[in-house]
Amino acid sequence: MDNIELPKKKRKKNIHVMTVVVYILLSVWAIIVIFPFYWMLLTSVKGYGEYATEYIPQFFTASPTLDNYAEAFTAVPLALYFLNTLIFTVITTAVMMIVIVPAAFAFSRLSFRGKNVVFTLFLALMMIPNELVIITNFQTITDMGLRNTFSGLILPSVTSVFYIYLLKENFEQIPDDLYKAAKVDGTSDMKYLLKVMIPICRPTIITIMILKVIECWNSYVWPRLITDDKAYYLVSNGIEEIRENGFGRENIPAMMAAVVVISVPLIVLFLIFRNKIMEGVSRGGTKG
Amino acid sequence: MKKNNLKSWLYLLPALLFLGAFMLYPLIDVFIYSFEEGYNSASQTSFGIGIYNYEYVLHDPYFLQALQNTFLLVIITVPLSTILALVISLGLSSIKKVRSLYQTVYFLPYVTNTLAVGLVFMILFKKTAYSDGLVNVLINLFGGSSVDFIDGPYWAKMFVLCFYTIWIVLPFKILILTSALASVNETYYKAARIDGTSKARIFFRITLPMISPMIFYLVITGFIGAFKAYSDSVALFGTDLNAAGMNTLVGYIYDMLYGDSGGYPSYAAAAAIILFVIVLTITVLNLLISKKKVHY
């Protein structure tokens, strides 16, 4: 009996130690993740004078102030950058849905000549990196005189082969019988798509929309290429502009206030749709 | 089902138009650009056809610098971030309390604006006239001397870039690996425990083989992502990456296209195709290795 009891106790103790080690490791990484957020929030409420005199940065502030936020909205057109990003995000996402939903429907429900060829072509396009096509797109948009316009920003950002694929897979899970029944009743394809398929697939559609919104909100490269007029800057370009010559390089607290303002919408979106976003990303997101 | 050709094409039309104009046409065009010598974007004329653009790019010191930076970034961050994500996911799946809180926290970098949060990293690491920055204060605390991580020596800048890149890419990897770990069938573990198998053996003989497809998926997407690094570097070092010596391949392409050093779509096209060939080669190699090693 003793022989069996002893190792068991020992093992239990080991497990205990292991658990503590695991919690410590996880907490260390959690702190590394959280800390930059804390630091930007903290710095954004420090007075400029207070920040400038701290040779050793302090972890707390005794006199928080909102002056930096006022500065962020008045010294640079932050509200305008915000509005631009909002317009860009909403229109791009909306147009994308109008483009991809019918395409996914055609691939999943209709049969037509050349379907397999076109679909294979679509899949092949999924492998093409953006860097390869952006050069010509830049020339195209420039030639069309669409630099510094919303059309120029939006048009090349609309297409996403991957989302067509994702939606098609989802549409195909709807039983065929439903479609046949609707056909017998004389329902048109369009009506069937709008009244049956879209409501059934709403979770996937919402996931796709959220992922696109995140992508739009953070897009940097294309807007940078296509806009050099500050009136059309998105937040990413705005923050880069602020960094290069915004409040004066030394006014870090105001800069951090702008960073907080830019980061908050997506964090709020994430906290509301946490499960949807994480599920959607594990199904179809890539970054890094 | 009866064929309804015309209607189907109508449904596809918007997608076809967009893809044709902004993906298919540019794809063909970029190859043409890359072989047109001395192309002038103002007059839209070129001298002739040849491989001069490739020769120019491959001899450009800025390109070689970008190539070196990108390769270093890839070699350092891909293995490190994958291993780190694996360790964290294993830790996560072994606990029950506050697990979902940890998961939420770990995912935060995914939904942040790379440019914006990069600024926070910059002020944490930067050494200025009036303050050494928080990281240097910590280094001093442990007896080291201050280093300027943003404008200082090459290794220090590389360190920050790698650190920030890992910070950014880890949420995705942790998410994928935790769900992979959760999907391993419990019965295997139960059987192993009854047989008295050691924990290390369970990990190497059951867990690792079971999640190996996902690990390889992460390695492949990790390679592709790291080769395309750009905005992380801009966030930390500003838009003039050539001056900072921290440019990446993608950054080189964009600099050739536009900005102070821009106006050379042919060089940009050649560089983009070189990048594409590198990424394609690495991906194919990865797939070949994974066919041999991964248990599906």
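In this predicted model, helix α6 of chain A has these buried residues: A:E131, A:V133, A:I134, A:I135, A:T136, A:N137, A:F138 and A:I141. Their cover comes from both chains. Chain A contributes elements including α7 (150–154) and α12 (221–226). From chain B, the cover includes α1 (5–35), α12 (249–257) and α13 (265–293).

The helix itself spans residues 130–143, which is 14 residues. From first C-alpha to last, α6(A) reaches 20 Å, close to the 20 Å expected at 1.5 Å a residue. A kink of about 25 degrees is centred on A:T136. A:T136 is also one of the buried residues of α6(A).

Chain B meets this region through B:L27 as well. B:L27 sits in helix α1 of chain B. Leaving aside neighbours within four places in sequence, B:L27 is in contact with A:I128, A:L132 and A:V133. A:V133 is on the list of buried residues in α6(A). B:L27 itself is partly exposed, because 14 other C-beta atoms lie within 10 Å, and the buried class starts at 20. B:L27 and B:S231 are 204 residues apart in sequence, and their C-alpha atoms are 23 Å apart in space.

**Positive phi values**

Just after α6(A), A:G145 takes a positive phi of about 70 degrees. A:N148 follows with a positive phi of about 55 degrees, although A:N148 is not a glycine. Most residues other than glycine have a negative phi. A:N148 belongs to the loop between α6 and α7 of chain A. A:N148 counts as partly exposed, because it has 15 C-beta neighbours inside 10 Å.

Chain B has a case too. B:V98 is a residue other than glycine, and its phi is positive, near 50 degrees. Its place is the loop between α3 (61–94) and α4 (99–107) of chain B. With 14 C-beta neighbours inside 10 Å, B:V98 is partly exposed.

**Two helix pairs**

Within chain A, helix α4 (residues 78–109) and helix α11 (residues 202–218) have axes that come within 9 Å. Those axes cross at roughly 140 degrees. The pair is therefore oblique, since the roughly antiparallel class needs an angle over 145. α4(A) passes α11(A) in a right-handed crossing. On the α4(A) side the contact uses A:T85, A:F88, A:T89, A:T92, A:T93, A:M96 and A:M97. On the α11(A) side it uses A:M209, A:K212, A:V213, A:C216 and A:W217.

The other pair joins the two chains. Helix α13 (residues 235–245) of chain A and helix α5 (residues 114–125) of chain B have axes that come within 8 Å and cross at roughly 30 degrees. α13(A) and α5(B) are therefore roughly parallel, because angles under 35 degrees fall in that class. α13(A) supplies A:S236, A:I239, A:E240 and A:R243 to the contact. α5(B) supplies B:L115, B:A116 and B:L119.

**Helix α7 of chain B**

α7(B) has 29 residues. It reaches 41 Å from its first C-alpha to its last, close to the 42 Å expected at 1.5 Å a residue. A kink of about 40 degrees lies at B:L170, shortly before the proline B:P171. The helix is mostly covered, with 21 of its 29 residues buried.

B:L161 lies in this helix, at residues 154–182. B:L161 counts as buried, because it has 26 C-beta neighbours inside 10 Å. Beyond its neighbours within four places in sequence, B:L161 is in contact with B:L73, B:D232, B:S233, B:L236 and B:M246.

**Separation in sequence and in space**

The table sets out three residue pairs, with distances taken C-alpha to C-alpha.

| Pair | Apart in sequence | Apart in space |
|---|---|---|
| B:L161 and B:N69 | 92 residues | 9.8 Å |
| B:L27 and B:S231 | 204 residues | 23 Å |
| A:E71 and A:A257 | 186 residues | 8.6 Å |

A:E71 belongs to helix α3 (residues 67–75) of chain A. A:E71 has 19 C-beta neighbours inside 10 Å and so counts as partly exposed, because a buried residue needs 20 or more.

Definitions and conventions:
Residues are numbered from 1 along each chain as its sequence is written. Chains are lettered from A and ligands numbered from 1 in the order in which they are written. This is a predicted model: local features need pLDDT of at least 70, side-chain atom pairs count only at pLDDT 80 or more; totals for chains, interfaces and linings use all residues. Helices (H or I, at least four residues) and strands (E, at least two) are DSSP runs, numbered from the N terminus. The expected span of a helix is 1.5 Å times one less than its number of residues. The bend at a residue is the angle between axes fitted to the seven residues ending there and the seven starting there. A residue is buried if 20 or more other C-beta atoms lie within 10 Å of its own, exposed if 12 or fewer, and partly exposed in between; C-beta atoms are placed from the backbone. Two residues are in contact if their C-beta atoms, placed from the backbone, lie within 7 Å. Axes are lines fitted to C-alpha atoms, for helices over the stretch in contact, and angles run from 0 to 180 degrees between N-to-C directions. Angles under 35 degrees count as roughly parallel, over 145 as roughly antiparallel, 65 to 115 as roughly perpendicular and the rest as oblique. A crossing is left-handed if the near helix is turned anticlockwise from the far one by less than a right angle, and right-handed if clockwise.
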